[in-house]
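Thanks for making the time this morning. Before I start talking, please bring up the sequence and the structure side by side.

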Amino acid sequence: MLLRLLATVAGLLLSTAAHTGTLTLQDANERVPLMGWTEVYVDDTRSQTVQDVNAHRDWFQPSALEAINFGFTEARVWLRFSIRNNLPVTQQRILYLRHFLFDEVVLHTVTDNGIHSQYSGREHLDQHNASPLPTRFFHFQLDIPPNTTRDYYLALTSEDALSSSLTLVSLEQFQRIMIIDAAAVTFYSALILTNLFFAVFMLVKLREVELLYYVGFLVFHHLIAIMMLEGVPASLLGFDNLFWNKTGFIFLINVAITMAVLFSRSFLKLKEKYPVDYLISRGLLVLMLVSCVQSLLLPHVIGSALTTVFCMIVGVGIMVTCVRCAAKHDRVAKLFLLSWTAGVTGATLYGLKLWNILPINGFTNHAWHIGTVVEAILFSFTIADRVTTERRMRLQAQTEQVEQERALRQAQEQLLQVETAAKIELEQQVQERTKDITQIMAKLEFQNQQLTELSINDPLTQVRNRRFFNDAFPELWQEAQRAGGWLSIILLDIDHFKAVNDQYGHLTGDRCLVTLAANLRQWVSRPKDIICRYGGEEFIIVLHATDLASATQLAQRLRQAVSEIQIPLEDTTLHITASLGVAATIPQPDANPEQLIAICDHALYQAKSNGRNQVSVAGALQSRSLSNNR
């Protein structure tokens, strides 16, 4: 497509006004835009035959167009033109229409022996004396005897837009055009496939849903839809079914733009960051779903027109959303806007050409293709830029966390030193420094509160420690007893943790504990629920007002989440699993809370005995035992 664009720009700049009369062949190598030599008659009823229009030549009017461009119409368009061969030998020419989605193209030749008709010039649709040259576009071979004038009638019908160039070329030029066309299609496909492979690689690497939407957008829009528009599947695979080539095409366009809406709102994180724009995106999504349905149910001429309108509205809607987000200094939105604008601009120019608002030329014929290539390249850059930015921010956050922990340890040491000095000073200067002592004691009280918080937290995993559990669990038991509600506990133990320490070292073991604790905090976040480090690699979770079934479901989700943890090492990735025990009860006045821990510990032992990486629930025997002890 890009090569064809370069080849046609010069012709656009030198285009001339429409001609009238008979086209006289001068040179075997000439290339003639034929539309300027034609007369036009639009048959709105599609009832006229070639004999009718030949008998009423006064129906025809001189063409004011430089290309076939009648927009969306259900009429049959007749083109009449005459060609004169003054040369002493028979001249062969190829009449070439660069379009694929016509319903019917019939060329009628007026000779002394009557009117002869040739049907569609595509090889896979050829049934009646069409040119033997294989191509996915419509073309006809014209043989004009010496010193002869031939009259031709070209009948065109389509439920799609009647929009195409009409060119008369020599056989050698036509073959050259086909070579350039094949090279252009190959070049376009290579660019799109390169970006598609990059998107698939990023999807596999990052496993983010927005990349799945983007891959769908590339496949349905940039690859399949554009190739269908160019007639490649029909040419290579013999798909001559009009539903597949036309209705299927606009349906795929609708699916692709639906994917684009999902991709944009997920990639820009509209739901989390821009609620108003998220509501706008929901409206755009509903509009595209309606468009998908109408493209399958309504007649093609209506479905095509509505699809064009809907897609332009949605394209502009996504652009407006990007502008609103970019105005808030969102770098990702700015890059997304740049990428999307390229695609929307190309598609809009192409759509305006179909609506007969813009003229047909080399640029508007390929504006969609150019826009999709630029859009895909810019989107690849946008995705790579966001991944790089997020990685840099994660590293920065980790560095800040390390600095905060170091500062906290230094503060703890300083606190101990200050406390010691303060006590000595208090003993020596009780009478003299009463006011100063009061101020120091206030400071000590604040610092003691910090020490208390440190004393109940595990310094490695940042969850509560065993000391906190021993103090808090009896209180939670009494509270559940007064309320008459459920109290559940989950004991979690990392499988084969000693082997991890032995094989990878204690630092790696510490990373496992830190990562596991972070995952547990994501799943257990209610105010009265607690997570404690119960032992070396053992954690205990106390769930307030949670019955056994709910606790078991949570334990299963925790087991799955732990099995998905990946800890990158220098030359490999470490995976861990965990075994979990679950127990629950409604505390009674005569029951001992330690018995609930005991049966949960027994369930954990059962999970390990049964093969690890599973959840074991305290069975009926243990539950009855707890009840009997109440």
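I will go through a short helix, then the salt bridges, then one buried threonine, and finish with a patch on the surface.

Please keep in mind throughout that what you have on screen is a predicted model.

Let me begin with helix α14, which runs over residues 497-504 and in which Phe497, Val500 and Asn501 are buried. Seen down the axis of α14, these buried residues fall within an arc of 95°, so they line one face of the helix. That fits the general geometry, since an α-helix has 3.6 residues a turn, so residues three or four places apart point the same way. On the other side of α14 we find Lys498, Asp502 and Gln503, which are exposed. What, then, covers the buried residues of α14? The cover includes strand β14 (487-494), helix α15 (506-523) and β18 (573-575). Directly after α14 comes Gly505, whose phi is positive, near 100°.

Now to the charged pairs, where the count comes to 15 salt bridges, and I will pick out a few of them.

In the pair of Asp151 and Arg57, the closest N and O atoms are 3.3 Å apart. Asp151 sits in strand β11 (residues 148-157), whereas Arg57 sits in the loop between α2 (50-55) and β4 (61-62), so this salt bridge ties together parts that are 94 residues apart in sequence. As for their surroundings, Asp151 counts as buried because its relative accessibility is 15%, which is under the 20% cut-off, while Arg57, with a relative accessible area of 33%, is partly exposed.

Strand β14, which we met as part of the cover over α14, comes back in another pair, in which the side chains of Asp493 and Lys608 meet in a salt bridge at 3.2 Å, N to O. This pair links distant parts of the chain, with Asp493 in strand β14 and Lys608 in helix α17 (residues 593-609), 115 residues apart. Asp493 is buried, at 6% relative accessibility, and Lys608 is partly exposed, at 27%. There is also a set of salt bridges that share partners, and these join Glu208, Glu210, Arg386 and Glu390 into one network.

The pair of Glu403 and Arg406 is a local one to look at, with its closest N and O atoms 2.9 Å apart. Both residues belong to helix α11 (residues 362-428), and because they are three residues apart there, they are separated by about one helical turn. Glu403 is partly exposed at 43% relative accessibility, and Arg406 is partly exposed as well, at 34%.

Next, please find Thr321 in helix α9, which spans residues 300-326. Is Thr321 buried or exposed? At 5% relative accessibility, Thr321 counts as buried. If we leave out residues up to four places away in sequence, Thr321 touches Leu270, Asp277 and Ile280.

Finally, let me turn to the surface, where Val293, Leu296, Leu297, Leu298 and Ile302 make a nonpolar patch of about 450 Å². Which helix gives the largest share of the nonpolar patch? That is helix α8 (residues 275-297), which contributes three residues. Leu297 is in α8, and Leu297 counts as exposed because its relative accessibility, 67%, is over the 50% cut-off.

That is what I wanted to show, and I am glad to go back to any of these places on the screen.

How values were computed
Residues are numbered from 1 along each chain as its sequence is written. This is a predicted model: local features need pLDDT of at least 70, side-chain atom pairs count only at pLDDT 80 or more; totals for chains, interfaces and linings use all residues. Side-chain values use heavy atoms; hydrogens and water are left out. Patches are made of residues with over 30% relative accessible area and no salt bridge: like charges are joined within 9 Å, nonpolar side chains (Val, Leu, Ile, Met, Phe, Trp, Tyr) within 5 Å. Accessible areas come from the Shrake-Rupley method with a 1.4 Å probe; for residues, only the protein chains shown count as cover. A salt bridge is a side-chain nitrogen of Lys or Arg within 4 Å of a carboxyl oxygen of Asp or Glu. Helices (H or I, at least four residues) and strands (E, at least two) are DSSP runs, numbered from the N terminus. Buried means under 20% relative accessible area, exposed over 50%, partly exposed in between (1.4 Å probe, protein chains only). The arc is that of the directions from the helix axis to the C-beta atoms. Contact means heavy atoms within 4.5 Å.
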